[in-house]
Amino acid sequence: MKENNKAFKLLFLLPVIVYTLLLILLPLVYVLFLSFCKSDSYGGIVYEFTLSNYLNIFDSTYLNIFFKSVSIALITTFICILISYPFAIILRKRNIHIKNLITKLIMLPFLTNSLIRTYGWIILLRKSGIINSGLIGMGIIKTPMSLMYNRFGIIVGMVYTLLPFMLLPICSSVFEIDNNIIDAAKDLGASKLQIFFKIILPQTISGVFNGSLMVFIPAIGFFFITDILGGGKIMIIGNLIKNQFLTARNWPFGSAIAIFLIIITFLLVKLYRKLGGKLDDLGGF
């Protein structure tokens with residue numbers, strides 16, 4: 001009977017195993033293999049072992065792109081946290097039906113392709129767009145502001161696209177806080193800032209870590225946002241990898257950058273988990 005159950009479970013897991021092997025593991029192994037090869041002047045692959053692709057990553061030009069990517073990702077993550085906390089604290093006071101409705105509305109944009117939603121921001125941010133036209137019409141500004149094809153436009157697109165990944169973990173953590181603890185703190189004369197830093201933040205820090213991971217890591221590689229709202233003027237790691245494969249035709253170097261990014265992502269995940277575990281162990285801060 002147990003053997004039949006194991007065979008039955010294996011039968012259901014088989015599609016997942018095949019999918020993982022063919023579409024995730026094998027391509028990843030191939031990219032890893034290419035990263036140790038050479039590229040000729042015609043964009044072909046020379047199957048000779050070399051470490052030069054990884055050494056080239058530490059060139060000042062590529063390091064500058066890396067630090068620029070990290071800065072944009074950090075700013076995006078920070079803004080998402082600043083938006084998510086007040087939203088979650090206000091929403092926690094509402095009844096369960098309102099919470100469920102708002103949660104569904106947060107998930108609603110995922111029904112539309114993120115590329116299409118990003119193009120929608122052009123209508124809002126361009127010089128003849130809705131925002132500039134509205135501000136000029138109200139007399140607030142006289143000339144249109146440059147809201148896109150720069151770092152500001154990129155960060156707006158990143159925040160809009162990735163905000164739900166921060167909202168949901170923080171909301172989930174904030175909703176689990178016992179109202180009696182907050183009421184007791186208020187009765188003892190605690191201010192709103194004291195309640196936040198002494199009660200809410202320590203009990204929701206795990207949600208912040210989870211949300212930060214899900215925002216920071218994609219923000220490094222979302223090249224389509226920098227292409228659309230940045231006008232291709234600012235390059236992040238995702239753009240660099242795409243250009244190496246499609247424009248420069250240097251697949252080995254593009255593979256090396258991709259593997260390097262995977263390693264950085266893995267280290268960040270390990271660091272966040274370790275740091276998150278330590279902070280959780282502090283309990284009451």
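**Notebook: burial, charges and salt bridges**

I began with burial and noted that, of the 285 residues of the chain, 36% count as buried. I keep in mind throughout that this is a predicted model.

Overall form. I looked up the extent of the C-alpha trace and found that it spans about 75 × 70 × 35 Å along its principal axes. For the accessible surface of the chain I wrote down about 17400 Å², with 69% of that belonging to carbon and sulfur atoms.

Secondary structure. I counted 12 helices and 2 strands in the chain, and when I read along the sequence I found the pattern α-β-β-α-α-α-α-α-α-α-α-α-α-α. I then turned to the contacts with a separation of 6 or more, and noted that residues 24 or more positions apart account for 66% of them.

Charges. I noted 25 positive and 11 negative charges in the chain, and the mean positions of these two groups are 9 Å apart. I also looked for a positive surface patch and found one formed by Lys93, Arg94, Lys186 and Lys192. From this patch I followed up lysine 192, which has its place in helix α9, residues 192–221. Is lysine 192 buried or exposed? I recorded a relative accessible area of 78% for lysine 192, and because exposed means over 50%, this residue counts as exposed.

Salt bridges. How many salt bridges does the count come to? I found 2 salt bridges, and I took them one after the other.

The entry for glutamate 48 shows a salt bridge with lysine 38, in which the closest N and O atoms are 3.3 Å apart. I placed glutamate 48 in the loop between β2 (45–46) and α2 (52–56) and lysine 38 in strand β1 (residues 38–39), so that the pair, 10 residues apart, links distant parts of the chain. I checked the accessibility of both partners: glutamate 48 is partly exposed at 41% relative accessibility, and lysine 38 is partly exposed as well, with a relative accessible area of 33%.

The other entry joins aspartate 227 to lysine 242, and here I noted 2.7 Å between the closest N and O atoms. Because aspartate 227 lies in helix α10 (residues 223–229) and lysine 242 in helix α11 (residues 237–246), the pair ties together parts that are 15 residues apart in sequence. For aspartate 227 I wrote down a relative accessible area of 30%, which makes this residue partly exposed, and for lysine 242, also partly exposed, I wrote down 23%.

Conventions
Residues numbered from 1 in each chain as written. Predicted model: local features only at pLDDT ≥ 70, side-chain atom pairs only at ≥ 80, totals over all residues. Heavy atoms only, no water. Patch = residues over 30% accessible without salt bridge, like charges linked within 9 Å, V, L, I, M, F, W, Y side chains within 5 Å. Areas by Shrake-Rupley, 256 points an atom, 1.4 Å probe, with all protein chains shown as cover. Salt bridge = Lys/Arg side-chain N within 4 Å of Asp/Glu carboxyl O. Lys, Arg positive; Asp, Glu negative; His and termini not counted. Charge placed at Lys NZ, Arg CZ, Asp CG, Glu CD. Helix = DSSP H or I, 4+ residues; strand = E, 2+ residues; numbered from the N terminus. Buried < 20%, exposed > 50% of the residue type's maximum accessible area, 1.4 Å probe, protein only. Contact = heavy atoms within 4.5 Å.
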